[in-house]
Amino acid sequence: MSDIAINVDHVTKVYKLYNKPSDRLRETIGLKVPVREHYALKDVSFQVKKGETVGIIGTNGSGKSTILKIITGVLNPTAGSLVVDGRISALLELGAGFNMEYTGVENVYLNGTMMGFSKEEIDAKLNDILEFADIGDFVYQPVKSYSSGMFVRLAFAVAINIDPEILIVDEALSVGDVFFQAKCYRKFDEFKEMGRTILFVSHDLGSIARYCDRVILLNKGVKMEEGTPKEMVDLYKKVLVHQENQKPEGAKELEEKQQETRWKKPFEVNPNAIEYGTKAAEIQDYVLLDEKGLPTNTIEKFTEFTIKMRVKFHEDVEDPIYAFTIKNLQGTEITGTNTMFEKMTVTPQKKGNVQEVSFTQNLNLQGGEYLLSLGCTGYHDGDFDVYHRLYDVCSIVVISDKNTVGFYDMHSKIEVKND
């Protein structure tokens, strides 16, 4: 008996791209039309052992969802083959098979039957499914009357409680409110403890690091590498900054390269960032660096990172103050500092001067996504002046395999003793 649950063997998926919709029809009747081929996957091979939790990561368009749809039978490969040994439950597009006119209970039986379960098997699981969904008497109402939250709760409850041998998850653990999300993660932990096979795709690198035994990195449809979560997350960060093929550099060489490239940012910059000020001093460039000195906005929790900005003075400024602020996505200021708070005096600057300022600190924020704001202010003749402020210029993604309560981690040391 094989210990391999999923065997993906040289799988390729090609899509034909047409210049206009009518070209597709013309090709079906034998006419020659211009066609471009897009490789969603190219010669991808990997295995998942029974009882193993394997993660798949990669940038958008790397082929993550495509490979999951091929494994679940939603798509057929253009070339290659795969073998799946075990009954699959897939959390891909939640509720995709629901009939909006049916009640919640009727949809439970409909979805269970589509997954290959008998009525008796679904009967045995019905109470668990309804209890997990926790939507009350709405289970007896047509699904079209549900809120979006109730809909995904029921869909998730069906998929997670059918008791599959192989669970396939595509960005589906963070559904519903925070309490339902906690329930989903507990169920995920139960699956691991039961020794079930799990294939897990997520942009949440913290969850990947926490749950996965092994990680596969895809890039532009090609499998780059596979290994431990830490190894693959580190490589993924290099992919994000297009440095996956570069040899490690020393701090001096890296600094020289940053000077040459004028801090080209590999991460997405907010095109709608709010800016204002007199522009007596102007923030002309900025970058985030991880503990290895690589420019990235994806930082691991408990590591050191640096925020740098370059400021040019268009007028004489007596006492510039440099600042940064980090907010959550709801706009609440979580932390930040400035040179005045840190009791650092910056000398007066003349018109035409350029200064670089670096803020280096340990990252104790919980895993998640945050927004960065930068500023240069000061006092002139006793009055406070804003020279240049940039609000929400980019995001900071914190990777964490251990979160606590609130916004930041107190890094508590715990001791338990018997009397």
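The legends below accompany several views of a predicted model, beginning with the protein chain as a whole and ending with the lining of a cavity.

**View 1. The protein chain and its secondary structure.** In this predicted model, the protein chain contains 18 strands together with nine helices. Measured out along the principal axes, the C-alpha trace covers about 80 × 75 × 45 Å.

**View 2. Burial, surface and contacts of the protein chain.** The protein chain has 419 residues, and 45% of them count as buried. Its accessible surface amounts to about 22,400 Å², with 50% of that area belonging to carbon and sulfur atoms. When contacts between residues at least 6 apart in sequence are taken together, 71% turn out to join residues at least 24 apart.

**View 3. The cavity.** Rolling a probe the size of a water molecule over the atoms shows where empty space is left. In this structure there is one cavity of 30 Å³ or more, and the largest cavity encloses about 70 Å³ of space.

**View 4. Residues that line the largest cavity.** The lining is made up of K230, D234, K237 and K238, along with D290, E291, K292, L294 and E300. Sorted by side-chain class, these lining residues comprise eight that are charged, one that is nonpolar and none that are polar.

**View 5. Helix α8 beside the largest cavity.** Helix α8, which runs over residues 229-240, contributes four residues to the lining of the largest cavity, and this is the most that is given to that lining. Among the residues of the lining are K230 and D234, whose numbers fall within the span of helix α8.

Key
Residues numbered from 1 in each chain as written. Heavy atoms only, no water. 1 Å grid on protein atoms, 1.4 Å probe; cavity = no way out; pocket = protein on both sides within 12 Å on 5 of 7 lines; lining within 4 Å. Points joined across faces, edges and corners; volume = space filled by probe spheres on them. Helix = DSSP H or I, 4+ residues; strand = E, 2+ residues; numbered from the N terminus. Nonpolar A, V, L, I, M, F, W, Y, C, P; charged D, E, K, R; others polar. Buried < 20%, exposed > 50% of the residue type's maximum accessible area, 1.4 Å probe, protein only. Contact = heavy atoms within 4.5 Å. Areas by Shrake-Rupley, 256 points an atom, 1.4 Å probe, with all protein chains shown as cover.
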